[in-house]
Amino acid sequence: MPWHQANNRIKQLVDSDIDIDHSSLLTDVLRTMGLKPEDRVRYFAYGSQIWAPCFEHSHQAVATVDDFRREYCVLSYLYRGTDRHPGLVLGLQGQPGAQVQGMVFEISVQDLAPIFKQEMLTNVYYPAWVVTRSQSESTPDSAAAPTKQPPERALTFIARGCSDHCVRLSLAQQADLILSAEGARGSSLAYFQQTQHALQQAGVPDEQLSELEQLINQRLAEHS
């Protein structure tokens, strides 16, 4: 099945029952994508999975995905906030002409299970294939200079625009939530700072997030 048709089918599976068991959904998604338990798959990470992956991987590389943007657009009522004071975390959303850079990892199909459990806990995200353009894969011991690779598909998770958790906010509003919320896994500010550090360490630029970082640092300085 062509990747765009698989995406449509996956979206239908997710929309059909928001309370569907993660293992059942994973089984249906793998079947739709034509993946087998023994296969390996490329996974595109654009946020916290870069610095806190819940999976084992053998290779990684900086990768670019066209027609998508990374944005603080997902309200967090558990991990980085509460019902009363929601936090804010990253989501990936479609935008024609945009580009987003992140990390692509090679993982086993079995390692998709913890990713599904984490990313689909509140039905905010749905899995989809995207086309990535990456540099050569690397390992911690690799010293070879990176080279460009042909486009390849990778699995990622896209924020559901129709979800009550997904919002469009100004940079000032994003900063307000990031600076004011804390949840079961820590503060939204810690999430933001760790993600910024990981993106910078990977050499992944993001102009909008840099503007948001400047605003947050300014507010922190004013209240210090």
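**Exercise 1. Decide whether Gln174 is buried or exposed, and state where in the chain it lies.**

Solution. Begin with the cut-offs: a residue is buried when its relative accessible area is under 20%, exposed when that area is over 50%, and partly exposed in between, with a 1.4 Å probe and protein chains only. Gln174 has a relative accessibility of 1%, and therefore it counts as buried. The areas themselves come from the Shrake-Rupley method with a 1.4 Å probe, and for residues only the protein chains shown count as cover. Next, locate the residue: Gln174 belongs to helix α5, which covers residues 171-180. Helices (H or I, at least four residues) and strands (E, at least two) are DSSP runs, numbered from the N terminus. Finally, look for its partners, where contact means heavy atoms within 4.5 Å. When neighbours within four places in sequence are left aside, Gln174 is in contact with Glu71, Tyr72, Leu88, Leu169 and Leu212.

Before going on, note that this is a predicted model, in which local features need pLDDT of at least 70 and side-chain atom pairs count only at pLDDT 80 or more, while totals for chains, interfaces and linings use all residues. Residues are numbered from 1 along each chain as its sequence is written, and side-chain values use heavy atoms, with hydrogens and water left out.

**Exercise 2. Describe the chain as a whole: how many helices and strands are there, and in what order do the elements run?**

Solution. First count the elements, which are 7 helices and 7 strands. Then read them from the N terminus on, which gives the order α-α-β-α-β-β-α-β-β-α-β-β-α-α. Turning to burial, 47% of the 224 residues in the chain are buried. The chain exposes about 11400 Å², of which carbon and sulfur atoms supply 49%. As a last step, consider the contacts with a separation of 6 or more: residues 24 or more positions apart account for 79% of them.

**Exercise 3. Find which residues touch the most other members of the largest nonpolar core, and then examine helix α4.**

Solution. A nonpolar core is a set of buried Ala, Val, Leu, Ile, Met, Phe, Trp, Tyr and Cys residues joined through side-chain atoms within 4.5 Å. The largest one has 61 residues, and Phe44, Tyr72, Leu112 and Phe116 touch the most other members. Follow Leu112 further: apart from its neighbours within four places in sequence, Leu112 is in contact with Leu26, Leu30, Val41, Ile107 and Leu155. Helix α4 spans residues 112-119, and its buried residues are Leu112, Ile115, Phe116, Gln118 and Glu119. Seen down the axis of α4, these buried residues fall within an arc of 170° , so they line one face of the helix; the arc is that of the directions from the helix axis to the C-beta atoms.

**Exercise 4. Compile the surroundings of Ala154.**

Solution. Start with the position of Ala154, which is in strand β5. Its relative accessibility is 0%, and so Ala154 counts as buried. Now list what Ala154 touches, not counting residues up to four places away in sequence: Arg42, Tyr43, Phe44, Val104, Ala128, Trp129, Val130 and Thr132. A distance completes the picture, since the C-alpha atoms of Ala154 and Phe105, 49 residues apart along the chain, are separated by 8.8 Å.

**Exercise 5. Consider Asp67 and Pro205, and classify each one by its accessibility.**

Solution. Asp67 is found in strand β2, and with a relative accessible area of 39% it is partly exposed. Its backbone deserves a separate step, for Asp67 has a positive phi of about 65° although it is not a glycine. Most residues other than glycine have a negative phi. Pro205, for its part, lies in the loop between α6 (188-201) and α7 (207-222), and its relative accessible area of 59% makes it exposed. Leaving aside neighbours within four places in sequence, Pro205 is in contact with Arg70 and Gln101. The C-alpha atoms of Pro205 and Val100 are separated by 8.7 Å, although these residues are 105 residues apart along the chain.
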